[in-house]
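Student: I've got a model open and would like to go through how its parts are labelled. Can we take it step by step?

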Amino acid sequence: MSARPSTLERERPAPPAVPSRTSYGERPGVAYLFLSPWVAGVVLLTVGPMLASLYLSFTDYDLFTAPSWVGFENYARMFTTDVHFLNAVWATVKYVLLSVPVQLLAALAVALLLDRASRLQGLYRSAFYAPSLLGASVAVALVWRAMFSADGAADRFLSFFGVRTGGWVTDPDLALLMLVLLGIWQFGAPMVIFLAGLKQIPAELYDAASVDGAGWWRRFWSVTVPMLSPVIFFNLVLDTIRAFQVFNAAFIVSNGTGGPGDSTLFYTLYLWQKGFVDFDMGYASAMAWVLLLGIALVTTLIFRSARSWVHYGGGDR
Amino acid sequence: MPLRKILAGALAAGLLGAVAACGGGAPSDGKVTIRFAWWGSEQRAKITNEAVQLFMRKNPNIKVTTSTAIYDAFFQKLATETAGGNAPDVMQMSDRHLREYAERDAVLDMRPHVGKEIKTADLKQEVMGLGTLEDKLYGLPLGQTAMVMVYNPVLWEKAGAEKPELGWTWDDYFEAAKKVSDETGGKVFGASDFGGVESWFKVWLSQQGKGLYTADGALGYTEQDVVTWWEMATKFRKAGAATPGEITAVNPAGSPVLRKVSASEFMPDSTVAPNAWEVYDNDYALAPPPQVGAESGIYGEPPMLISVSARTKQRAAALKLTDFIVNDPDAAKILGMSRGLPANMKNRAAIAPSLTGAWKQVYDYEELIADKIKVGPPAPPKGAGTLFTLFDKYYQDVMYDKAAPADAAKRYYAEARQVVAG
Amino acid sequence: MIRRAIWHVVVLAVLGVMLYPILWLVASSFKPNASIASSVGLWADSLTLGNYASVLDGATDPPVWRYFLNSTIVAGGAVIGNVVTCSLAAYAFARLRFRLRTPLFAFMLATIMLPQHVVLIPQYTIFQQLGMVDSFWPLVLPKFLATDAFFVFLMVQFIRQLPAELDEAARIDGCGPIRIFAHITLPLVKPAMITTAIFTFIWTWNDFFTQLIYLSSPDRLTLPLALRGYVDLQESAASFGPMFALSVLSLVPILLFFAAFQRFLVQGLATSGLKG
């Protein structure tokens with residue numbers, strides 16, 4: 001596409017000088033043109049498997065033989081006879097409540113810390129992102145266990161302050177906390193998104209605020225937070241969704257057992273066990289849809305609340 | 001396959017039809033292609049790939065592609081592939097999963113091919129049981145293995161502990177392990193806590209004429225058996241003879257012996273790799289497990305089976321490869337003891353003289369216990385894979401002092417019965 | 001000046017705690033294989049380059065560079081796909097009006113709320129029918145179809161953060177949506193696109209599950225798959241040393257990728273000519 005408008009377009013009649021907010025002058029077809037790869041993806045790869053899993057959630061399906069319809073039995077089992085299900089829900093909720101706020105605050109704090117001109121800034125940014133480069137590999141699992149083993153770095157650090165943990169992996173609460181810390185440690189993704197968002201705030205706004213005599217704290221609340229709110233909102237929604245689906249950390253570090261007890265039996269870990277170890281994919285599918293409903297509920301609440309605190313430069317159309 | 005039908009309905013059928021044109025191993029150049037998948041270490045992969053190369057040289061019209069992963073990943077992938085109608089033609093199989101696959105017609109009954117494509121005459125008949133379900137042969141033994149105790153003889157001697165020998169008892173083991181722990185001042189424990197490992201519970205049961213499962217797939221032990229076993233393990237742990245919970249807990253860095261914080265541990269002898277002593281970085285020796293009564297309780301079992309997909313399009317080639325891996329004398333020389341003693345007795349005799357190092361030790365151990373070995377138990381029921389994990393999970397409550405053995409055993413047994421009942 | 005120094009001290013202190021585990025990882029790659037499993041501290045009695053030698057000596061089958069090449073193809077393809085198609089979809093959701101916008105957007109979010117394990121088998125079946133199993137297509141094609149809702153949503157948020165007046169002005173000048181997208185929106189959301197590129201590259205590079213399911217042939221294996229092969233605790237065959245060495249080596253490309261692209265993150269509105 002050329003940079004200059006073509007003659008043809010120039011000759012088109014000019015649109016009304018004050019456009020109504022509703023008309024953007026485009027045909028609806030254009031939107032679907034932009035969306036066409038996404039729509040193709042939905043049709044080819046997304047909607048079929050999703051519907052399949054929804055159907056399977058009402059069946060007894062062992063992966064290899066034909067599913068047989070059982071109605072709501074899978075759903076009923078979750079809340080009645082399954083002794084592990086509620087433990088899995090509880091472990092996951094604890095993980096979400098602990099990891100999401102702390103990770104986002106840490107990411108925002110570091111992003112603010114780094115959002116200033118410094119020759120070393122690029123280096124610092126890379127360094128803070130480094131833990132997130134590791135993903136969830138065997139190496140990470142080994143590192144993490146070494147940090148939290150008896151006589152490991154964490155214990156030596158804590159005993160310096162006179163705190164004795166008595167072992168991280170054997171205590172249900174600490175074992176969960178160990179995985180929460182792993183999640184927080186890898187805060188690179190929200191940090192980078194915050195940084196990108198901070199860069200997008202027009203400098204004029206800060207200049208104007210400074211001229212008005214606002215200090216750092218005031219600039220932060222009256223310029224940074226509102227301008228950054230769409231990005232804060234994004235990180236909050238996505239981090240919540242991802243925390244609800246936490247899998248790799250527990251799978252790698254505790255070898256997928258969910259122990260001690262059911263303290264790290266995260267929802268998707270249990271779902272995976274049901275589907276691929278117990279060959280009960282019907283039940284696993286039902287669990288998946290219950291999780292989807294749960295996450296959708298939480299997300300809807302966040303979206304609802306967004307109306308009062310998220311500010312869009314482009315208007316919330 | 002119904003799932004595919006559902007999908008076909010949900011998807012634009014024409015789109016699929018236009019592009020779907022792939023059949024596994026269509027012989028365009030007179031060659032057929034089959035896929036062989038197994039789990040295991042990089043070392044096993046190297047050795048197995050070499051044997052496969054030899055197979056292809058001997059059978060120039062068959063191309064074998066291989067794929068490998070570690071245990072957990074392997075079964076996740078195998079389940080997905082099988083459900084998707086794309087199982088490997090030949091696959092390594094575990095006894096804990098066999099029934100899940102066999103009862104759902106995912107693996108082939110090789111019985112009709114025995115004596116033709118598949119020869120079993122030279123195989124040790126005692127280890128054929130685990131691959132046999134109701135007289136159908138779903139898996140051939142890839143070897144023979146027995147439970148063994150790997151221990152550190154240097155520490156043992158230093159502590160003045162009695163050397164473990166055939167016929168020694170669990171009480172002897174307790175005394176010895178305690179001495180080792182005391183000698184090292186708790187830096188190295190005498191034993192790795194064995195309470196949570198179902199395979200060792202199995203040996204202990206077998207010493208008393210019981211088993212994990214009865215022939216008709218029910219639990220072969222009582223709740224009280226679990227209590228007694230866990231109480232014994234707790235006695236070891238409380239006395240400092242066995243590793244405490246913190247150390248026993250699953251660790252990506254490996255078992256306590258591998259981490260050099262324990263001086264003895266039980267394992268199937270097929271998992272003793274040729275470079276095991278190098279990995280352990282120490283002197284290690286092999287000994288039979290301690291006994292309750294007069295019986296050793298050791299089963300001679302295949303460490304793993306080899307199965308053919310029921311839906312393979314190249315059945316002849318798949319069977320040929322299977323027979324080659326199990327029976328071919330040249331393949332046996334390459335494969336060595338990477339999957340335990342060869343199940344083929346002629347091959348076993350042939351490779352024996354050339355064995356060295358850790359494999360030689362395993363061979364000698366097998367010779368030592370040869371006449372004490374029991375015929376392997378029947379193939380376990382569905383849900384065996386689940387119980388294996390569950391057993392460890394409930395023992396963790398005991399190991400971390402969160403529950404008394406009796407209490408944890410009660411909860412375990414209730415859930416185990418539910419799982420086995422389906 | 002003192003404030004500056006304090007700032008550096010604070011940053012370095014936080015970094016020290018955060019980077020200690022990574023230091024441990026790198027240190028482990030220089031320890032002899034046998035002492036890794038038992039060592040908790042940072043230092044070992046003896047250091048060796050043997051782990052790197054054994055990874056790089058070409059004895060692995062296929063040679064190690066092959067894993068790097070495969071991972072680069074997969075991650076590179078994924079980056080191109082995501083950057084192009086996610087930005088297109090995001091623009092439609094953020095700036096264009098069409099009847100199904102709200103329900104489609106909600107549906108898009110729902111796709112990331114459903115755990116992937118239950119759609120794995122149906123998706124596998126589709127790729128199996130398309131004859132794409134054991135190739136890179138199942139890993140790359142979805143990215144060209146904007147199935148990564150995370151990134152669509154990310155760019156939607158960034159586009160909505162842009163002042164609407166820009167679009168209005170361009171529209172008054174006679175620009176259609178395609179032109180506005182290409183000349184106004186895209187340059188302004190460069191940070192979001194760079195972010196998408198960086199995350200896609202790193203996450204694809206590290207992804208184990210999808211690659212495990214779809215790739216089988218030894219010469220199509222990627223780094224995460226190769227790394228898992230070193231340690232199988234079912235067998236007492238653990239090559240921790242080489243595993244750590246390859247882990248460190250596999251970090252290098254993504255660290256370079258991040259370092260190379262992170263500077264573009266700086267170019268937000270301030271430098272992209274909004275004032276003009």
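Tutor: Sure. Start with the domain bounds, which come from an automatic or database domain assignment. Keep in mind that this is a predicted model. For chain B, the assignment gives domain 1 (3-143 + 303-370) and domain 2 (147-297 + 383-421). Taken over C-alpha atoms, their centres are 31 Å apart.

Student: What makes residues of domain 1 and domain 2 of chain B count as in contact, and how many are there?

Tutor: Their C-beta atoms, placed from the backbone, have to lie within 7 Å. By that test, 17 residues of domain 1 of chain B touch 16 residues of domain 2 of chain B. On the domain 1 side, helix 15 of chain B gives the largest share, nine residues. By class, that side has seven nonpolar, seven polar and three charged residues.

Student: How do you know what span to expect for helix 15 of chain B?

Tutor: You count 1.5 Å a residue, for one less than the number of residues. With 13 residues, helix 15 of chain B should span 18 Å, and its end C-alpha atoms are 19 Å apart, so the two agree.

Student: Which residues of helix 15 of chain B are called buried, and why?

Tutor: Buried needs 20 or more other C-beta atoms within 10 Å of a residue's own. Ala358(B), Trp359(B), Gln361(B), Val362(B) and Glu366(B) are the buried ones, so they meet that cut-off. They cover an arc of only 155° around the axis, so they sit on the same side of helix 15 of chain B. Their cover includes helix 11 (276-280) and strand 9 (285-287) of chain B. On the other side of helix 15 of chain B, Asp364(B) and Glu367(B) are exposed.

Conventions
Residues numbered from 1 in each chain as written. Chains lettered and ligands numbered in written order. Predicted model: local features only at pLDDT ≥ 70, side-chain atom pairs only at ≥ 80, totals over all residues. Contact = placed C-beta atoms within 7 Å. Helix = DSSP H or I, 4+ residues; strand = E, 2+ residues; numbered from the N terminus. Nonpolar A, V, L, I, M, F, W, Y, C, P; charged D, E, K, R; others polar. Buried ≥ 20, exposed ≤ 12 C-beta atoms within 10 Å, placed from the backbone. Arc of directions from axis to C-beta.
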